[in-house]
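Hi,

Here is the structure I said I would pass on. Have a look at it first, and my notes on what turned up are underneath.

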Amino acid sequence: MRAVIQRVQRASVSVDGRIIGEIGHGLLVFLGIGENDTESDMKYIADKTIGLRIFSDHDDKMNLALTDVDGELLVVSQFTLYGDCRKGRRPNFTQSMKPPAAEDMYESFIIYLRDNGMKVSCGSFGADMKVEIINDGPVTILLDSSKIL
């Protein structure tokens, strides 16, 4: 499982011109689900996301986590994180988990975050979405469950 996480002042996601999810201060999570991902991968990425200390403390050091700043999460599915561009010029997405299994994993990720006390908004799985953000920093972090030590 892969996640691109951006610290934001605010973010929203729209489908057909209608906002379906929005947050204030927090994290925007673009979530890619790989064909071999399991519940263990999902929990690893979710726990890492919750615990990332990428918010500034009173000394302006990145030392605080989402819970410390009462931040929110916006989770947007993004199968293109598994785009393989090594051959040719058009990405190959065969490493992405196929729907509906990927949608189930995406929903499990959101439920897991909520069950752990997070305020979560989300996009619409498989939809053509427009995402607007005010990136804070900018701070962008890449997580990949296949890179676990």
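Arg86 and Asp84 meet through their side chains in a salt bridge, at 2.6 Å from N to O. Arg86 is exposed, with 70% relative accessibility. Before I go on, please keep in mind that this is a predicted model, so every value here is computed from it.

How many salt bridges does the structure hold? The count is 6, and the one between Arg86 and Asp84 is among them. Another one pairs Lys130 with Asp128, whose side chains come to 3.4 Å, again N to O. Both partners are out in the open: Lys130 is exposed at 52% relative accessible area, and Asp128 counts as exposed too, at 59%.

The salt bridge I would look at next is the one between Arg2 and Asp144, where the closest N and O atoms are 3.1 Å apart. Arg2 belongs to strand S1 (residues 2-15) and Asp144 to strand S8 (residues 129-144), so this pair ties together parts that lie 142 residues apart in sequence. As for how open the two ends are, Arg2 is partly exposed, at 21% relative accessibility, whereas Asp144 is buried, with a relative accessible area of 12%. The cut-off for buried is under 20%, so Arg2 at 21% falls in the partly exposed class.

Now for a charged residue without such a partner. Asp57 is buried and yet has no salt bridge. Why does Arg53 not count as its partner? Arg53 is the nearest side chain of opposite charge, but it is 7.2 Å away, and a salt bridge needs the side-chain nitrogen and the carboxyl oxygen within 4 Å of each other, so the pair does not qualify. What the Asp57 side chain does reach is the backbone nitrogen of Asp59, at 2.8 Å. You will find Asp57 in the loop between strand S4 (55-56) and strand S5 (62-64). If you set aside its neighbours within four places in sequence, Asp57 is in contact with Asn63 and Leu64.

Next, the backbone. Which peptide bonds should you check for cis geometry? One runs from Pro99 to Pro100, with omega near 0°. Pro100 sits in the loop between strand S6 (72-77) and helix H2 (101-115). Another cis bond joins Gly137 and Pro138, and its omega is about -5°. Pro138 is placed in strand S8, the strand that also holds Asp144 from the salt bridge with Arg2.

Two aspartates also have positive phi values, though neither is a glycine. For Asp16, phi is about 55°. Asp16 is in the loop between S1 and strand S2 (18-23), and it counts as exposed at 78% relative accessibility. For Asp70, phi is near 55°. That residue is found in the loop between S5 and S6, and Asp70 is exposed as well, with a relative accessible area of 55%.

If you open the model and want somewhere to start, I would go to the Arg2 and Asp144 salt bridge, then to buried Asp57, and then to the cis bond between Gly137 and Pro138.

Cheers

Terms used
Residues numbered from 1 in each chain as written. Predicted model: local features only at pLDDT ≥ 70, side-chain atom pairs only at ≥ 80, totals over all residues. Heavy atoms only, no water. Helix = DSSP H or I, 4+ residues; strand = E, 2+ residues; numbered from the N terminus. Buried < 20%, exposed > 50% of the residue type's maximum accessible area, 1.4 Å probe, protein only. Lys, Arg positive; Asp, Glu negative; His and termini not counted. Polar contact = N/O pair within 3.5 Å; in protein donor to acceptor, adjacent residues only side chain to side chain. Contact = heavy atoms within 4.5 Å.
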